[in-house]
Amino acid sequence: MRRTPAILVLLVAGCRMAAGDYAAKPYVVNPKPDGMTIAWATVNETRGFVDYGPTPAYGRRATVQRVDETNLRQYDLEHAFIHKVRLRGLNPDTKYYYRVHGPELPAYENHFCTAPVRHDRTVCFMIGGDRNNAWPEDDDVAFVEDTAGTRVEFFVDVGDFAVCRRFRRGWQGRVPVVLARGNHDNEVRKENADPKQVQHVYDFDDDKLDFTVAWGPVLLVVNGGDQIYKPVSRRAVDWLESVLASAAQPWKIVACHGVFFSDGLHAKEGPPRRRQIWPVFHRFGVPLVLTGHDHIYSRTTRIDVDGRPVPDGPCNLCFGGILVEYSRDVPSPWMAYQFRGPEVRGGIAFAVVEGQSAQIKLYTRKRGKDYELQDQFELTLGK
Ligand SMILES: [Fe+2]
């Protein structure tokens, strides 16, 4: 653990916030059927505990196992301490109540649910990424749960956490977030002064860039090592082929930052990478590829590597923020939907997977206004 002298921390950052406040209140990451990480940020290193259990009486206690000092300059936190507690030995598909507390910390209570193992489960998950759309808030989750009629189980962030603006405004502490790292997340830039920032915040196993999240009938294949400005490495293609070939889950869904098919004006990296990797998705029956980076929302039909419609091809959903100025007037033939305005600065998408079908919807929300449905479509396995 790297430490900064306490007096410097107090001078630089502590003046903005009383000791004991959360700079980012507790949140949940790295979900597994038998484990979950509870994390929170403060401006000073603090002692902390997590009481947890299957009832509000908790029953078990874990202490902070890791504290990472990091720089979250984009949130006015030149020095932040990310505290992490890994809860292990949990039961799958089970609700756990938890309470974070400590001598210098106000108590925080919430609950989370572990990943299911059974494949005959309905699963609802949210999708976001880039700028204003990363990190779900309480009201977004509540809206999706009302609309879908089922609980939101996890959130897929398609990357560039380092430029999103929501971390300190309040990430809800119930739905675990899975990040496919973006170009800003892997680079040292003004927004991301610490190249290890996302590892500190998200608690990836062994700092892995590529990993899978098994959630009932869904296998989320996260290709966070995808370098959008370069061809995909042979190692990454081999890894994708091996996990897709061995997947037992019927819904193999890929998440990565770099877009393969988009009409946006921001991304220009799609075609070379598309040639390498889209046929792999197609061959292994991936119905949905979630991407970001291009600062629009767009969605293709089910297509092959040349953009021709094929019934068993993948659909490329790009959720790289919703900024109308990045969209192009004349859509490509393979584009099924592209958000064209009116101007909004945020949106939420979610999928409900049930049996052989998945329903996906996009809503936008103007500040202070109701959510508006912009896009909805259905994917069916095997065709
Ligand atoms: Fe990006």
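Me: What makes strand 13 and strand 14 count as paired in this predicted model, and in which sense do they run?
Reply: Strand 13 and strand 14 are joined by 5 bridges, and since a pair of strands needs at least two bridges, the two are paired; they run parallel. Within this pairing, V222 has A255 of strand 14 as its bridge partner.

Me: Why is the connection between strand 13 and strand 14 called a β-α-β crossover, and what is its hand?
Reply: The chain leaves strand 13, passes through helix 5 and arrives at strand 14, and this β-α-β crossover is right-handed.

Me: How do you know that strand 14 is largely enclosed by the rest of the structure?
Reply: A residue is called buried if 20 or more other C-beta atoms lie within 10 Å of its own, and 5 of the 5 residues of strand 14 are buried, so the strand is largely enclosed. Both faces are covered, with W251, I253 and A255 on one side and K252 and V254 on the other.

Me: What makes strand 14 and strand 15 a pair?
Reply: Strand 14 and strand 15 (residues 288-291) share 3 bridges in the parallel sense, which meets the requirement of at least two; here I253 stands opposite L288 of strand 15.

Me: Why is the pairing of the whole open sheet described as mixed?
Reply: The 7 strands lie in the order 12-13-14-15-17-16-18 with mixed pairing: strand 13 and strand 14 run parallel, whereas strand 16 (residues 297-300) pairs with strand 18 in the antiparallel sense over 3 bridges.

Me: What makes strand 12 and strand 18 the edge strands?
Reply: Strand 12 (210-215) and strand 18 (335-338) each pair on one side only.

Conventions: Residues numbered from 1 in each chain as written. Predicted model: local features only at pLDDT ≥ 70, side-chain atom pairs only at ≥ 80, totals over all residues. Helix = DSSP H or I, 4+ residues; strand = E, 2+ residues; numbered from the N terminus. Buried ≥ 20, exposed ≤ 12 C-beta atoms within 10 Å, placed from the backbone. Right-handed = clockwise from strand over helix to strand, strands pointing away.
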